[in-house]
Amino acid sequence: MTVIAYPPKPSPGDRVAVVSPASGLPGLLPLPYELGLERLRTVYGLEPVEYPASRKMGSTPAERAADLHAAFADPGIRAVFASIGGDDQITVLPLLDRELIRANPKPFFGVSDNTNLLAYLRNTGIVGFHGGSVMVELGRPGAMHPQTADSLRAALFTPGPYELRPAEHWNDVSRDWADPATFDSEPEMRPGAGWSWVNAGRVVEGRTWGGCLEILAWLLMADREIAVDPAEYDGDVLFLETSEELPGAEEVFRILRNMGERGLLGRFSALLMGRARTWSFERPNTPEEAARYAAEQRAAVLRAMRVYAPDTMVVFDVDLGHTDPQVIVPYGGTVRVDGPARRITVTY
């Protein structure tokens, strides 16, 4: 079993890499990207360093792997940020030099398609950080959400426990990144209803594994970065979330069912289920449609858990993944889930 350790943290004033291991969208949509770069400087006191494929749409997997190698190998780079997600980072994984990265551990921040690299880093022995992409969280219109900004600051600079709290207000409706007017004001938020707990009569603590459910499904299909022996996940805490592609409830159930049939689902001591993304430009759901989508997804998750992991603690609507605000989850790091007290504490 791989020994997993937290990489050294950066300090204000340090240089950090900004890479696009999934998609070169900064080249098409520079406004949120450049805003995110500026906030790395002004909010966190870090100096972002761009790499050749950062703004290049259509970059090859080899080009993106070369950027990652250069970022990890450079001793002057103290952390690595993904610009955004995408849909083909799985093609980069076979090109990565695991020994180079293992010898140069650094905090990596990314979400969505970056689940690929986070799973790779965990198997390499490095805790990564699920969240904090440059274009989305750092490039949020108007201002960074305070809850996101605080979580990212703690994950960047402060080792130790950090208690997650339910968002009082949240949003998952996007605006046009090509329109400068988008960035003049913050998104409209809606009231939060807190987390929902199932089988909450115990306290568990374990290392995290999971990420974006659709990307995990691809990793399972390609049989990449998944432990051969499911027992390697015994006692870990699973966290999952779905993307702006809005997978249907039946697809969510089938992915979880297949994880159950593989012997994975019942290994985990708890499941943290991120707040479901319910809106996209392709499917601009009304509030009523969005609520129905979220309810159907929750029912699908519970249906699978009842079959394959009926006693596992489940927490719904955790503010992780494709939602705003977004808390950072240490990937391969430690999380404590206290059911009786209704508390979740991660270790950064």
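In this predicted model, eight strands form an open sheet with mixed pairing. Their order across the sheet is S6-S16-S15-S10-S11-S12-S13-S9. Strand S6 (161-164) and strand S9 (196-198) stand at the edges. Each has a single partner strand, so one side of each is left without a neighbour in the sheet. On average, neighbouring strands of this sheet are turned by 25 degrees against each other, with direction ignored.

The edge at S9 can be followed in detail. S9 and S13 run antiparallel and are joined by three bridges. One residue pair shows the register: Val198 has Val314 in S13 as its bridge partner. Helix H9 packs on the sheet and touches S9, S12 and S13. The direction of H9 makes about 165 degrees with that of S13. In a regular strand, side chains alternate between the two faces of the sheet.

A separate strand pair involves S1 and S2. Strand S1 covers residues 15-19, and strand S2 covers residues 47-50. The two pair in the parallel sense over four bridges. Within this pairing, Arg15 stands opposite Glu47 in S2. Helix H1 (residues 30-42) joins S1 and S2 in a β-α-β unit. This unit is right-handed.

Empty space was examined next. Rolling a probe the size of a water molecule over the atoms shows where empty space is left. The largest pocket holds about 1,000 Å³ of space. It is lined by 41 residues, and the closest to its centre are Val136, Ser174, Trp177, Glu244 and Arg277. Two elements give two or more residues to this lining: helix H5 (134-138) and helix H7 (213-222). By class, the lining of the largest pocket divides into 15 nonpolar, 14 polar and twelve charged residues.

The second largest pocket has a volume of about 220 Å³. Its lining consists of 15 residues. Closest to the centre of this pocket are Trp170, Arg275, Ala291, Ala294 and Asp317. Strand S8 (190-191) and H9 are the elements that give two or more residues to the lining. The largest share, six residues, comes from H9. Nine residues of the lining of the second largest pocket are nonpolar, two are polar and four are charged.

Closed space was also sought. A search of the whole structure finds one cavity of 30 Å³ or more. The volume of the largest cavity is about 50 Å³. Its lining is made by Met273, Gly274, Ala276, Ala294, Gln297, Arg298, Phe316 and Asp317. Strand S12 (270-274), helix H9 (287-308) and strand S13 (313-318) each give two or more residues to this lining. H9 provides the largest share, with three residues. Four residues of the cavity lining are nonpolar, two are polar and two are charged.

Helix H9 thus recurs in these results. H9 touches S9, S12 and S13 of the sheet. H9 also gives the largest share of the lining of the second largest pocket. The largest share of the lining of the largest cavity comes from H9 as well. Ala294 is among the residues closest to the centre of the second largest pocket, and Ala294 also lines the largest cavity. Asp317 is likewise listed among the residues closest to the centre of that pocket and in the cavity lining.

Key
Residues are numbered from 1 along each chain as its sequence is written. This is a predicted model: local features need pLDDT of at least 70, side-chain atom pairs count only at pLDDT 80 or more; totals for chains, interfaces and linings use all residues. Side-chain values use heavy atoms; hydrogens and water are left out. On a 1 Å grid over the protein atoms alone, a cavity is a set of points where a 1.4 Å probe fits but cannot get out, and a pocket is an open set with protein on both sides within 12 Å along at least five of seven lines; lining residues have an atom within 4 Å of a point. Grid points are joined across faces, edges and corners, and a volume is the space filled by probe spheres set on the points. Ala, Val, Leu, Ile, Met, Phe, Trp, Tyr, Cys and Pro count as nonpolar, Asp, Glu, Lys and Arg as charged, and the others, Gly among them, as polar. Two strands pair if DSSP finds at least two bridges between them. A crossover is right-handed if, with the strands pointing away from the viewer, the path from the first strand over the helix to the second runs clockwise. Axes are lines fitted to C-alpha atoms, for helices over the stretch in contact, and angles run from 0 to 180 degrees between N-to-C directions. Contact means heavy atoms within 4.5 Å.
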